[in-house]
Structures are given as C-alpha cells and as structure tokens.
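Thanks for coming. I will go through one model today, beginning with the ligand and then turning to the domains and the packing between them.

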Amino acid sequence: MTVPLPPDSRSLYRHGMTPDINHDESARINVLASLNASVAATLSASVHLAYEHDAAPKLTADDLDITNPQAKIGATVREAIRPSPVYQSWASLRRAIQEMNRQNARHIAYRQIDSLSQRAEALSDDRTTLQLNPSLEIPRYLANADNHLQAGGYHTEIKPGDMTAAATYDVATFVTAMGMFGAKGDSGGRGITKWLAKHYPDFKPKRILDLGAAHGGNTLPLAAAFPDAEVVAFDAGAPMLRYGHARAQSMGFSNVRFVQGAAEELDDSLGTFDWIQSTMFFHETSGPALGEILKRIYALLNPGGMTLNLEQPNFTPETPVFDRFLRNWDAWYNNEPFWVQLHCMDFTAEMIKAGFDPGQCIEGGVNPDLEPGHYPAWSGKINRHDHERAKPKPEKSGYNGEGWYLFGARK
Ligand SMILES: C[S@@+](CC[C@H](N)C(=O)[O-])C[C@H]1O[C@@H](n2cnc3c(N)ncnc32)[C@H](O)[C@@H]1O
C-alpha cells in the first residue's frame, strides 16, 4: 500500500518565535512524521484483523456487554489483544514515535533556552498584554501527568522566564498531528470561526475568552475573525503564555491578552464575555474540574453569549467495544488519564448541570480548516486520529464524524 508522505516539516510557517531547527533535527522530524503516517495507514488496519482473529474469539458476552464497566471503556479488549504480536508491534511503534518526537522537540527547545527568551524580550513591545501569576497552584491533574509524554507538561520552568515547554509543544505537534493542525497550528480555530459564520452569521462577539489557549495557535483565528473584539488567551502554563504572547506580537496581533490562571478558579476579575471557546482543552482536565469550569463559563457569559468547545466525541451506546479500546489507547499508553472518563460523559447533560437551558445546548461537528498554500494537498488522506472519532452516520444530526466534536450552548 502506498502511504502519502506528510509535508516536509521545513514547509511549516515560521513565526517570530519558531525555534531554529537544524538539518539533522528536521530530518528526524520528517522521519517521525512519515513513520507515524505509515503506522496509521498500514498497521492500524492489521490491529483490527488481529482483534477479529486473536482477541474476539476469547471474549465472552459479558466482555462485550457495555453495562460491564470494563467493557464500557474497552479494557476487556485491551486484555484480550495484548498477547497479539501485530498489536504489540503497532503499540510499541506508536509509543516509541511519541517518545522520540517529544525528546527531539525538547532537545531543540533546550539548546536555545536563552535565545528564545531574548527573542521574546525583543518582540514584546506591549507588556501589559501578558499577565502571569507566579503564585498560581498548577492543577494536580496537570502537575502529575506529563500529558502525551511531554516531560514537565505545559508549566515546568527550568529557569526564570523559561518557555521551552511551549517551544517543545509547537515543534512536536507537527509529528503527532502529521500536519492536520495546519502550518500555523490553527486549523481548529479557523474551523470554528467558519462554523460560527455559517450557523450564527449575526453573532458578533465583543469579548472572547479562549480557555486552555496554550501558545495561542487556535486563539489567533478568533482574533483575526473579530478584529474589533478584545480576546483573552487563558492558560495555566506560564511558558505557553510567554511564548504565545511573543508569537502573537510577531504575527501582528494587538487585540489578544495572555493571562495565566486555572479555569476552575475563574471569576469576574477578567470581566464577562460574549464567546467562551476551548480547543483540545477539556480532555486535559478532570471530572470535577470539568463540572466546575462549565459552571464558571455559565457565570461569565453575557446573556445571548455562547460557549463552543472542540473535543473528542464521547462514546454512544452504539460505539463498539473495539472502538472504545482504540479511542482509550492514549489514556493507558500516552499519559492521557482523563480520556477514559471523558469518553463516557454526556456533554449536554454536563452543560445542563452547569445551568444552561436544554433547548440552548449545541452538539455538532467541525472540520479542521487548513490554510491553503502552506502544505501540498495531502492531509485529507491520513488521519492518525481517525480511531478517536465516531463513525459518520448519514441519517444522524449533530456530530457526524467530523474532525472535531463540538459541544456548547447559548446563554
Ligand atoms: C492540548 S493543550 C490545548 C492547546 C490549545 N488550545 C490549542 O488548540 O493548541 C491544553 C492546554 O490547556 C491548559 N490547561 C489544562 N487545564 C487547565 C486549567 N485548569 N486551567 C487553565 N489551563 C489549563 C494546558 O496548560 C494546555 O496549555
């Protein structure tokens, strides 16, 4: 089978904070991205065959009954398929690619720890739009997890002013997403603004809050779509915000403020908002945090305001146990501990618990929107995250297998 190659990492858009990447480092990135694509396109199908041949015959009716807590999360399949050499090859390759990717990106960031800070210093004309809180207690689920094997997570600082966590994240995302996040890492933000323009053309937010904004990749399209709005990029990790702030300034954005805090402690000190957005944020939190954050979102939204959240879809009663196993794989082997619980949540029920009117809740799907011109047209061909998505159902309304699951509400 011919596997389409991901774009060359050297075709990534370079903003003012993009780390310098030498020949060997970019060669490593390209090898890892291609290997990831190849594993996704070839071996993944074999894992399904291994399931059917080696694992399924061992499963009992109880193992397939999703009222059984183990079957409900796919753990019965995980136990049954573990001895399969095909599965073992696929799993160890995926784990090794992620480890090598994070290590390579971390190495790139570390060797320029000082020059990145100097660059940020030179770029940051407006210091009032970076508001850090050195006494913030990092939420336990972030401090303890090293999510997706990024050593030190999003918050660790090696020395004062350090932003290597963000540079690592920026570089490593290319391999993980194989270009699907776009050359500027903004295809989620571009997608949601298009969705909004299509479904709510009259919605013109004046104040926008992006939760878990990280380096602002998906925040900037919101600021570009509503240039008169005041945008707050909010995150717990100071390195992400320092880097994001300088990055945004280098790209000419003056309407985005980068603010450090924990979303479950949000109060009205930032004011109220017309649009509260999040992209790939909730899956890094926890059950109690998710409930608390939704309540705070409700409290901070102006009447008529909207919250829109791009995430992975939850399991429905029709999600087969094999798909449950695949979609929870990262929880067990890629340090994403909250995925198991998240996949079993009813997001609309959570919105209602937080105070939203059931008639105003939104459930749907958003496709990533890749900025044309940066990559060759390849990225629709492979998606490592296919297994994380629900299977499209032609007759279904709401979410229908798009790249992102959307949940939200209007107040
Ligand atoms: C996977 S990243 C998402 C990045 C970004 N939204 C994007 O689309 O590229 C998750 C971000 O959420 C932040 N985060 C997680 N829990 C948080 C919390 N309780 N309060 C604030 N930020 C949080 C992390 O620091 C991290 O930067």
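A residue counts as near the ligand if its C-beta atom, placed from the backbone, lies within 6 Å of it. Keep in mind that this is a predicted model. With that cut-off, 23 residues surround the ligand. The closest are Tyr154, Gly212, Ala214, Asn218 and Ala263. By class, the shell holds twelve nonpolar, eight polar and three charged residues.

Now the domains. The assignment for the chain gives domain 1, which is 9-129 + 163-173, and domain 2, which is 180-410. Their centres, taken over C-alpha atoms, are separated by 20 Å. Domain 1 puts 39 residues into the contact, and domain 2 puts in 37 residues. On the domain 1 side, the elements giving two or more residues include α1 (23-55), α5 (85-110) and α8. Of these elements, α8 has the largest share, with seven residues. That side of domain 1 consists of 20 nonpolar, twelve polar and seven charged residues.

Next, the packing. The largest nonpolar core has 86 residues, and Phe234, Tyr243, Ile276 and Leu406 have the most contacts inside it. Helix α8, residues 164-177, gives the most to this core, with nine residues. Where does the core lie relative to the two domains? Both domain 1 and domain 2 give residues to this core, so it lies between them.

Take Phe234 as an example. Leaving out residues up to four places away in sequence, Phe234 touches Leu209, Asp210, Leu211, Ala213, Val259, Gly261 and Ala263. Apart from this core lies another, of 15 residues, with Ala71, Ala80, Trp90 and Phe325 among them.

Definitions and conventions:
Residues are numbered from 1 along each chain as its sequence is written. This is a predicted model: local features need pLDDT of at least 70, side-chain atom pairs count only at pLDDT 80 or more; totals for chains, interfaces and linings use all residues. A nonpolar core is a set of buried Ala, Val, Leu, Ile, Met, Phe, Trp, Tyr and Cys residues joined through C-beta atoms within 7 Å. A residue is buried if 20 or more other C-beta atoms lie within 10 Å of its own, exposed if 12 or fewer, and partly exposed in between; C-beta atoms are placed from the backbone. Helices (H or I, at least four residues) and strands (E, at least two) are DSSP runs, numbered from the N terminus. Domain bounds come from an automatic or database domain assignment. Two residues are in contact if their C-beta atoms, placed from the backbone, lie within 7 Å. Ala, Val, Leu, Ile, Met, Phe, Trp, Tyr, Cys and Pro count as nonpolar, Asp, Glu, Lys and Arg as charged, and the others, Gly among them, as polar.
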